[in-house]
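Notebook open, model loaded. I want to see how the chains meet, what the record marks on them, and where the salt bridges sit.

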Amino acid sequence: MAEVKKKGLNTNSNGYTLIYSTIIVVVVAFLLAFVFKALKPLQDINVALDKKKQLLYALNIRDISDAEAAQKYKDVVLADEIIDTKGNVVDKGEQGGEKAGFVLNSADYKAGRLALFVCKVDGQTKYIVPVYGMGLWGPINGFIALDADKNTVYGAYFNHEGETAGLGAEIKDNVKWQNLFKGKKVFAEGTRKVALSVVKKVDDPSTQVDAVTGATLTSNGVSDMLIEGLSKYLVFLTSK
Amino acid sequence: MSKLFSKENKEVFVNPLNLDNPIMVQVLGICSALAVTSQLKPAIVMGLAVTIITAFSNVIISLIRNTIPSRIRIIVQLVVVAALVTIVSQILKAFVYDVSVELSVYVGLIITNCILMGRLEAFAMMNKPWPSFLDGIGNGLGYAFILVLVGCIRELFGRGSLLGFQLIPESAYHAGYLNNGMMTMPAMALILLGCVIWLHRAYFYKEKK
């Protein structure tokens, strides 16, 4: 019966069009809100686990399952500190912490609340510094693990939201490229200015990394991100 | 059951795979075909995602086709597609996070895929749900098939690998073989796609005469 009645309506009248669009928008809005709310807790768990894995990748701990990653993170990370740009510790964080430095995002980072992960790998202290920047299509970020001298890069991991697969996305997918960062120095010999960068033509192999082929703009984004990001940590990095 | 797989329905499903292929004949969805085919894996994932979403948005639009005011039909179609894509991406994010990260930008690209709008407008608006579903699956697979083909060629010659596995041996590189960097560029995808369309037309249009 309902079908017959609908056919009887003038589906081209202004009133019908307005009511129809209102109903469809309200229905879709409620549907999306419901789906979003219902799935949020599950998604949050996934996002947190993914971040832990990324931190471990920066420490060159790759190829581990989800369950192992959660445990490994607890073992390796001694504290997720929050520091300010002057190098003062604002929040000490905790072992395997998920509440202090761990939850900071790019907005906190811009506001000068900086996360610093103090880690211990094979008995040696390592620091992980998160950096945020812009790629070609959207935000990119990275985790740079440094040795106890706060100068030598121990490992690096980069992530992106929308770079082109096979080109800009290589900053995340290409482990070989990320491994190029190992052993590079943040500062050039005898200076106190961040020199770690990504360039097309490497002049100084101690601080510069070769750019990704076909992804010049994304590579430039990584380079800007490293210089700007690590400069925020300058006081911490230069204090011994 | 016999009616479900009648001759007409079979044609609706089979035609887009070849003679009415969305990319080769209708020339729809070219932009995403260029963007995601630099490697095989994203090409496969994108092909499957488009197939599923085309099929279901076709069914939904077909179900409500008689109630849609014709002046805002494109907007209604877009709302349905966007809602569907958003829900799918949220579900992926909750249950298979790895895949959702893998898809990232492509999920958004699906909303703007011309094949979806084209099929909704040309088929689902005037056909019953079941043929619409078949049409969606057929067109999605027709699209996926071309993506996989181009993805294969580009990854093999651009990187010497398929699905990430190195196929061209190290010794070939030592002997002077070089990966073709052009293959990883979107421009080469356009040229390859042009060649595929050319071959397809040269072959099938001759038969018709």
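Before I read off any helix content, a reminder to myself: helices here are DSSP runs of H or I with at least four residues, and strands are runs of E with at least two. I also keep in mind that this is a predicted model.

**Entry 1: annotated spans.** I pulled the UniProt record, an unreviewed entry, for chain B; it lists "transmembrane region" at residues 44-64, 76-97, 103-124, 136-157 and 177-199. I checked two of these. Residues 44-64 of chain B come out 95% helix and 0% strand, with 31 Å between the end C-alpha atoms. Residues 136-157 of chain B are 100% helix and 0% strand, and their end C-alpha atoms lie 32 Å apart.

For chain A, UniProt (again an unreviewed entry) puts "domain: FMN-binding" at residues 135-233. I get 26% helix and 22% strand over that span, with its end C-alpha atoms 21 Å apart.

**Entry 2: the A/B interface.** How many residues of chain B are in contact with chain A? I count 32, set against 33 residues of chain A. The buried area is about 2,600 Å², and carbon and sulfur atoms give 62% of that. Thr67(B), Arg71(B) and Tyr97(B) supply 20% of what chain B buries here, more than any other three residues.

Polar pairs next: I find 6 residue pairs in polar contact between chain B and chain A, both partners at pLDDT 80 or more. On the chain B side, H4 (73-95), H5 (97-103) and H6 (105-111) each give two or more residues. H4(B) has the largest share, with 10 residues. By class, I get 19 nonpolar, 9 polar and 4 charged residues on that side.

There is 1 salt bridge across the interface. Arg159(B) makes it with Glu170(A), closest N and O atoms 3.8 Å apart.

**Entry 3: salt bridges within chains.** Over all chains I have 9 salt bridges. I looked at Lys52(A) with Glu98(A), at 2.7 Å between the closest N and O atoms. The two are 46 residues apart: Lys52(A) sits in helix H2 (residues 14-58), Glu98(A) in the loop between strand E2 (89-91) and helix H4 (106-110) of chain A.

Is Lys52(A) buried or exposed? I call Lys52(A) buried because its relative accessibility is 8%, and the cut-off is under 20%. Glu98(A), at 37%, counts as partly exposed.

In chain B, I noted Glu121(B) and Arg73(B), 2.8 Å N to O. This pair joins helix H7 (residues 114-122) to helix H4 of chain B, 48 residues apart. Glu121(B) is partly exposed at 25%, and so is Arg73(B) at 29%.

Conventions. Residues are numbered from 1 along each chain as its sequence is written. Chains are lettered from A and ligands numbered from 1 in the order in which they are written. This is a predicted model: local features need pLDDT of at least 70, side-chain atom pairs count only at pLDDT 80 or more; totals for chains, interfaces and linings use all residues. Side-chain values use heavy atoms; hydrogens and water are left out. Contact means heavy atoms within 4.5 Å. Buried area is the accessible area (1.4 Å probe) that two parts lose on being put together, summed over both. A salt bridge is a side-chain nitrogen of Lys or Arg within 4 Å of a carboxyl oxygen of Asp or Glu. A polar contact is a pair of N or O atoms within 3.5 Å; within protein, one must be able to donate a hydrogen and the other to accept it, and residues adjacent in sequence count only if both atoms are side-chain atoms. Ala, Val, Leu, Ile, Met, Phe, Trp, Tyr, Cys and Pro count as nonpolar, Asp, Glu, Lys and Arg as charged, and the others, Gly among them, as polar. UniProt positions are given in the numbering used here, feature names are shortened, and annotations may be inferred rather than shown by experiment. Buried means under 20% relative accessible area, exposed over 50%, partly exposed in between (1.4 Å probe, protein chains only).
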